[in-house]
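Here's a quick briefing to read with the structure open next to you. The lead comes first, then bullets by topic.

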Amino acid sequence: MNELSELYQELILDHTRNPRNRRKMAAGCRKAEGYNPLCGDRVTLYVDLDNGIIRDVSFEGSGCAISTASVSLLTGALKGKSAAEAKKIFADFHDLVTGKVEAGCDLGKLEVFSGVREFPMRVKCATLAWHTLNAALENRETPVTTEGVEDK
Ligand code: ZN
């Protein structure tokens, strides 16, 4: 089976063609930038954090199908979650795409990325948005690059 048929499932394609929450957010929210040099994916993530709760999350940027679908699904998965819950979801998502756990771990739509484990080069495409989210939640100024993070 080739990489395209394995990875580009219907949901991923849908989010690639019609990314959700792709818009700039007004000043005052948290913002972080991420870059995946392996693929050229770029994302700017905006997070409206209110008393530790994610009220809104949106993004700008461009990248491959996997990175675009990943950030689109991230924005849908996190509204109303606490920062701590978001970090837990990322930890579970990370375990899923790196093959540490099987699908069926309560990640909902995010489980469409379980096929990424077969393609180590694509793991960073799927995790870029999440590493960038962590930077936004931690108010880190330095842009995130996936070269500097562990994705094993
Ligand atoms: Zn990519």
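Inside H3, the residues that count as buried are Ala65, Ile66, Ser67, Thr68, Ala69, Ser70, Val71, Ser72, Leu73, Leu74, Thr75 and Leu78. Keep in mind that this is a predicted model. From that helix, the bullets move on to the zinc site, the whole chain and two asparagines with unusual backbone angles.

**Helix H3**
- H3 covers residues 65-78, so to speak 14 residues in one run.
- From first C-alpha to last, H3 reaches 20 Å, close to the 20 Å expected at 1.5 Å a residue.
- Most of H3 is covered, with 12 of its 14 residues buried.
- Gly80 follows H3 and has a positive phi, near 90°.

**Zinc site**
- The zinc ion is coordinated by the SG atoms of Cys39, Cys64 and Cys125, and Asp41 is listed twice through OD, all at 2.2 to 2.7 Å.
- Along the chain, the donors of the zinc ion follow the spacing C-x1-D-x22-C-x60-C.
- Cys64 sits in the loop between strand E3 (53-62) and H3, while Cys125 belongs to helix H5 (residues 120-137), so this pair ties together parts that are 61 residues apart in sequence.
- Both Cys64 and Cys125 are buried.

**The chain as a whole**
- You'll find 5 helices and 4 strands in the protein chain, and along the sequence they run α-α-β-β-β-α-α-α-β.
- A compact globule with 152 residues would have a radius of gyration near 15 Å, and the 14 Å of the protein chain agrees with that.
- Taken along the principal axes, the C-alpha atoms fill a box of roughly 45 × 30 × 30 Å.
- Buried residues make up 45% of the 152 in the protein chain.
- Among contacts with a separation of 6 or more, 61% come from residues 24 or more positions apart.
- The exposed area of the protein chain is about 7,600 Å², and carbon and sulfur atoms supply 48% of it.

**Two asparagines with positive phi**
- Asn21 has a positive phi of about 60° although it is not a glycine.
- You can find Asn21 in the loop between helix H2 (10-17) and strand E1 (30-36), and its relative accessible area of 18% makes Asn21 buried.
- Asn139 also isn't a glycine, and its phi is positive, near 60°.
- Asn139 lies in the loop between H5 and strand E4 (144-145); with a relative accessible area of 47%, Asn139 is partly exposed.

How values were computed. Residues are numbered from 1 along each chain as its sequence is written. This is a predicted model: local features need pLDDT of at least 70, side-chain atom pairs count only at pLDDT 80 or more; totals for chains, interfaces and linings use all residues. Side-chain values use heavy atoms; hydrogens and water are left out. The expected span of a helix is 1.5 Å times one less than its number of residues. Buried means under 20% relative accessible area, exposed over 50%, partly exposed in between (1.4 Å probe, protein chains only). Donors are N, O and S atoms within 2.8 Å of the metal (3.2 Å for Na, K and Ca); water is not among the atoms, so sites may look incomplete. The radius of gyration is taken over C-alpha atoms; the globule rule is 2.2 Å times the number of residues to the power 0.38. Contact means heavy atoms within 4.5 Å. Accessible areas come from the Shrake-Rupley method with a 1.4 Å probe; for residues, only the protein chains shown count as cover.
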